[in-house]
Amino acid sequence: MTIDPRVFRTVLGQFCTGITIVTTTVDDTPAGFACQSFAALSLDPPLVLFCPAKGSRSWAAIERTGTFAVNVLGEEQQKTCARFGSREADKFAGIDWRRSELGSPILAGSLAHIDCTVDTVHDGGDHVIVVGRVHSLGEITGERPLLFYRGQYTGIEPDKTVPAPWRDDLEAFLTSTSADTWL
């Protein structure tokens, strides 16, 4: 069966994602890219994953250093996302940032950051699946995330900043496993 790439993209666009900027520093030069394919993987040990294109220059830099930081963007960071999603030579021009414990750029205004080392890399078609071991993290509370849905930026409704009443049930579901867990 042949899948039409446009239909594939449209169907996957129905899944709302958060947006991150994955960064590293090579020879004192920062590198990074906008990434929607980021996810938590494991609580014990603490692991995350992201999926860069095989030809990505930023992935080549991360692969070389073995370290990276994931910056979770807030809804006010659309211009930052566009810059890091471009092929601009100096994506960090005019961007305020500091170094993480492992030396990767942490972008000012990010909602959270996750400082990692590359644990494993797997083939993923035209991308690679990078599993990162978490070494440190930080967050800013009270802000709303930048989201991507149906090919455009979006956000949560202004009056929906408090977790839903079923959050505790969801948290229990996501963090508990048993012999019959379908995950």
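This is a selection-by-selection tour of a predicted model.

**Stop 1: the N-terminal patch**

Begin with Met1, Ile3, Val7, Phe8, Val11 and Leu12, shown as a surface. Together these residues make a nonpolar surface patch of about 700 Å². Within the patch, pick out Ile3, which sits in the segment before helix H1 (5-12). Ile3 counts as partly exposed because its relative accessibility is 49%, and that class lies between the buried limit of 20% and the exposed limit of 50%.

**Stop 2: the three-stranded sheet**

Next, select strands E1, E11 and E12. They form an open sheet in the order E1-E11-E12, and the pairing is antiparallel. The edges are taken by E1 (17-18) and E12 (152-154); each has a single partner strand, so one side of each is left without a neighbour in the sheet. Now restrict the view to E1 and E11, the latter being residues 147-149; two bridges join these antiparallel strands. To see one of the partnerships, display Gly18, whose bridge partner in E11 is Leu147.

**Stop 3: strand E2 and its partners**

Move on to strand E2, residues 20-26. Is this strand mostly covered or mostly open? It is mostly covered, with seven of its seven residues buried. Turn on the side chains to see the two directions they take: Thr20, Val22, Thr24 and Val26 point one way from E2, while Ile21, Thr23 and Thr25 point the other way. Both sets are buried.

Add strand E3 (residues 29-35) to the selection. Seven bridges pair E2 with E3 in the antiparallel sense. Thr24, for example, has Ala31 as its bridge partner in E3. The hairpin of E2 and E3 has two residues between the strands, and Asp27 there adopts a positive phi near 50 degrees.

Then add strand E6, residues 67-72. E6 also runs antiparallel to E2, and four bridges join them. Thr20 is a useful landmark here, since its bridge partner in E6 is Val72.

**Stop 4: the aromatic pairs**

Hide the backbone and show the rings of Phe, Tyr and Trp. With ring centres within 6.5 Å as the criterion, the count comes to six aromatic pairs. Start with Phe33 and Phe50: the ring centres are 6.0 Å apart and the planes stand at 50 degrees, so this pair is tilted. It links distant parts of the chain, with Phe33 in strand E3 and Phe50 in strand E5 (residues 47-50), 17 residues apart. Both of these phenylalanines are buried.

Go next to Phe84 and Phe92. Their ring centres lie 4.9 Å apart with the planes at 90 degrees, so this pair is edge-to-face. Phe84 and Phe92 are buried as well.

Return to Phe33 and Phe50 and add Trp59 and Phe68; ring pairs link these four residues into a cluster.

**Stop 5: Gln78**

Finish at Gln78, in helix H3 (residues 78-84). Its relative accessible area is 36%, so Gln78 is partly exposed. Which residues does Gln78 contact, leaving aside its neighbours within four places in sequence? They are Leu146 and Tyr153. Tyr153 falls within the range of E12 (152-154), one of the edge strands from Stop 2. For a distance check, select the C-alpha atoms of Gln78 and Ile19: these residues are 59 apart in sequence and 9.6 Å apart in space.

Key
Residues numbered from 1 in each chain as written. Predicted model: local features only at pLDDT ≥ 70, side-chain atom pairs only at ≥ 80, totals over all residues. Heavy atoms only, no water. Pairing = 2+ DSSP bridges. Phe/Tyr/Trp six-rings, centres within 6.5 Å; stacked < 30°, edge-to-face > 60°. Buried < 20%, exposed > 50% of the residue type's maximum accessible area, 1.4 Å probe, protein only. Patch = residues over 30% accessible without salt bridge, like charges linked within 9 Å, V, L, I, M, F, W, Y side chains within 5 Å. Areas by Shrake-Rupley, 256 points an atom, 1.4 Å probe, with all protein chains shown as cover. Salt bridge = Lys/Arg side-chain N within 4 Å of Asp/Glu carboxyl O. Contact = heavy atoms within 4.5 Å.
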